Amino acid sequence: MVFSSAVFLFVFLPVLLGIYYCVKARNVRNFILLFASIFFYAWGEPFFVLIMLASIVLNWYLVLQMSKHDSSRKFFMLIAILFDVGLLGIFKYATFISGNIANLTGWENLRVNIALPIGISFFTFQMMSYVFDVYYGKSQVQKNFLNLVLYISFFPQLIAGPIVRYGQIEAEITNRHESFANFSEGVQRFVYGLGKKVLLANFLAQIVDNIFDYMPNPSAMMSWLGLLACSLQIYFDFSGYSDMAIGLGLMFGFHFQENFRYPYIAKSVRDFWRRWHISLSEWFRDYVYIPMGGSRVSESRHILNIFTVWLLTGIWHGAEWSFIVWGMIHFAFLMFESKIDVRKTFGIFSPIYANLVAAFALVFLRSKDTLSGWHFLKSLLGLNANAFCDSGFFEYVHGSWLLLIIACVGCCPVIPKLREKFALEWLEQIFLILVLILSVLEIINSMYNPFIYFNF
């Protein structure tokens with residue numbers, strides 16, 4: 001079940017809200033959310049929900065033991081983390097690893113094909129967040145098993161983030177305050193996210209799919225159009241889903257951290273990653289980079305720390321060499337930026353530099369494999385002996401120029417700036433109603449509703 005579906009909008013969410021606000025007791029409300037979240041995940045993953053629950057049971061038990069036995073704290077922590085990493089490795093990477101071994105050795109009987117549970121990267125990282133936060137003394141052990149299940153399985157952030165750290169909502173599990181102001185803000189945030197996903201990302205996805213998947217040798221201009229559409233699609237797709245998750249959290253009294261802060265206005269790659277998928281960046285910073293010593297080590301060790309983070313970030317996104325290439329591109333340019341002053345070097349062109357790096361790396365995130373990614377890069381540079389431009393490019397632009405402009409403007413903080421400068425709340429409400437109506441009509445009329453980060 002996805003947020004931008006008719007069954008979620010017209011059945012699941014209204015019924016859940018009605019039942020939730022009919023009761024007052026906190027423990028009953030939590031149980032309602034817990035039951036609804038398990039049902040939400042089981043709707044599309046009836047078997048893998050058992051894997052998730054079994055993982056929660058084991059982590060809950062190991063952390064309880066960790067809190068009871070000070071002398072063995074590290075042992076229980078390591079067992080829990082090894083289990084979580086192992087679970088992620090089996091379901092997400094076993095197919096990739098076995099395939100590479102089979103290709104190298106020719107032993108086809110080593111090849112396995114294991115289905116990927118939706119959202120496993122997200123809920124596994126949240127599980128590990130709980131283990132680390134308790135181990136480092138940042139949070140108290142959760143003795144109530146159902147409360148821990150609710151934290152891990154809470155449906156707004158379960159399958160696509162943001163990655164909610166245990167310490168961020170620990171108190172709100174048992175002591176939160178639902179209010180009309182929070183609910184109203186949550187609805188607005190959800191509608192903005194729904195519009196991003198349904199009205200912009202889904203339309204852009206059709207351009208991207210056609211150019212990346214069905215044009216073996218696109219012209220240079222067509223390739224640049226595909227790259228622009230891809231950059232916009234992945235932003236509106238993922239940030240739209242994050243907006244909907246944050247909005248849903250607010251409806252039930254939970255406050256999730258922001259996951260995007262207009263990354264395409266960044267003036268460096270470092271700045272880009274302070275704005276893009278913030279919950280993932282901060283997770284790796286706090287649980288990998290800093291424990292390894294961060295920047296307070298020798299230069300060579302510092303480089304190794306950054307390399308490790310970006311290798312793991314690439315691997316986290318997917319089990320393909322192209323994802324590792326994507327991570328290494330970001331690592332290389334972060335190293336480059338550590339030696340220069342980006343704003344002084346590129347001046348007013350620094351946002352162009354940052355966006356080009358992010359876009360060129362994105363080619364490998366979107367392409368089906370590394371070879372396809374290199375081929376597409378060559379098309380961008382006009383090195384594939386194809387035409388610089390063709391009639392198809394003008395047909396695409398003619399049919400999509402208005403939405404492309406709207407999407408480009410939507411990547412910038414235009415609405416917040418207008419909200420600050422003009423008191424036009426009534427106009428924004430009309431705009432949101434229009435977005436909701438158009439989104440609902442599009443959901444009813446269209447069967448095309450992809451979501452990129454389900455693959456991650």
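Reader: Is Phe155 buried or exposed, and what is its relative accessible area?

Author: A residue counts as buried when its relative accessible area is under 20%. In this predicted model, Phe155 is buried, with a relative accessible area of 0%.

Reader: How many aromatic pairs does the structure hold?

Author: The structure holds 61 aromatic pairs. In one of them, the ring centres of Phe12 and Phe155 are 5.3 Å apart and the ring planes stand at 80 degrees. Planes over 60 degrees apart count as edge-to-face, so the pair of Phe12 and Phe155 is edge-to-face.

Reader: Which helices hold Phe12 and Phe155?

Author: Phe12 belongs to helix H1 (residues 6-20), and Phe155 belongs to helix H7 (residues 155-158). The pair therefore ties together parts that are 143 residues apart in sequence. Phe12 is buried as well, with a relative accessible area of 8%.

Reader: How are the rings of Tyr41 and Phe123 arranged?

Author: Their centres are 6.1 Å apart and their planes meet at 90 degrees, so the pair is edge-to-face. Tyr41 lies in helix H2 (residues 26-44) and Phe123 in helix H5, so this pair ties together parts that are 82 residues apart in sequence. Tyr41 counts as buried at 2% relative accessibility, and Phe123 is buried with a relative accessible area of 2%.

Reader: With which residues is Thr124 in contact, leaving aside its neighbours within four places in sequence?

Author: A contact means that heavy atoms lie within 4.5 Å. With those neighbours left aside, Thr124 is in contact with Asp84 and Leu88. Thr124 lies in helix H5, which spans residues 120-135. Thr124 is buried, and its relative accessible area is 3%.

Reader: How does one read the position of Val85, and what separates its C-alpha atom from that of Met128?

Author: One may set the separation along the chain beside the distance in space. Val85 and Met128 are 43 residues apart along the chain, and their C-alpha atoms are separated by 8.8 Å. Val85 is found in helix H4 (residues 73-105). At 44% relative accessibility, Val85 counts as partly exposed.

Reader: How many disulfides does a search of the whole structure find?

Author: The search finds zero disulfides. A disulfide requires two cysteine sulfur atoms within 2.5 Å. For Cys389, the closest cysteine sulfur is that of Cys408, at 18 Å, which is too far for a bond. Cys389 counts as partly exposed, at 27% relative accessibility. Another cysteine, Cys22, is exposed, with a relative accessible area of 65%.

Reader: Which residues form the nonpolar patch on the surface?

Author: To read such a patch, one considers its residues, its area and the elements that supply it. Here the patch is formed by Trp401, Leu402, Ile405, Ile406, Val409, Val414, Leu418, Phe422, Leu424, Trp426, Leu427 and Ile430, with about 1100 Å² of accessible area together. Helix H18 (391-410), helix H19 (414-421) and helix H20 (425-445) are the elements that give two or more residues to it.

Reader: Which helix gives the most to the nonpolar patch?

Author: Helix H18 gives the most, with five residues.

Reader: Is Trp426, a member of the patch, buried or exposed?

Author: Trp426 is found in helix H20. A residue counts as exposed over 50% relative accessible area; Trp426 has 54%, so Trp426 is exposed.

How values were computed. Residues are numbered from 1 along each chain as its sequence is written. This is a predicted model: local features need pLDDT of at least 70, side-chain atom pairs count only at pLDDT 80 or more; totals for chains, interfaces and linings use all residues. Side-chain values use heavy atoms; hydrogens and water are left out. Patches are made of residues with over 30% relative accessible area and no salt bridge: like charges are joined within 9 Å, nonpolar side chains (Val, Leu, Ile, Met, Phe, Trp, Tyr) within 5 Å. Accessible areas come from the Shrake-Rupley method with a 1.4 Å probe; for residues, only the protein chains shown count as cover. A salt bridge is a side-chain nitrogen of Lys or Arg within 4 Å of a carboxyl oxygen of Asp or Glu. Helices (H or I, at least four residues) and strands (E, at least two) are DSSP runs, numbered from the N terminus. Buried means under 20% relative accessible area, exposed over 50%, partly exposed in between (1.4 Å probe, protein chains only). Rings of Phe, Tyr and Trp (its six-membered ring) pair if their centres lie within 6.5 Å; planes under 30 degrees apart count as stacked, over 60 as edge-to-face and the rest as tilted.
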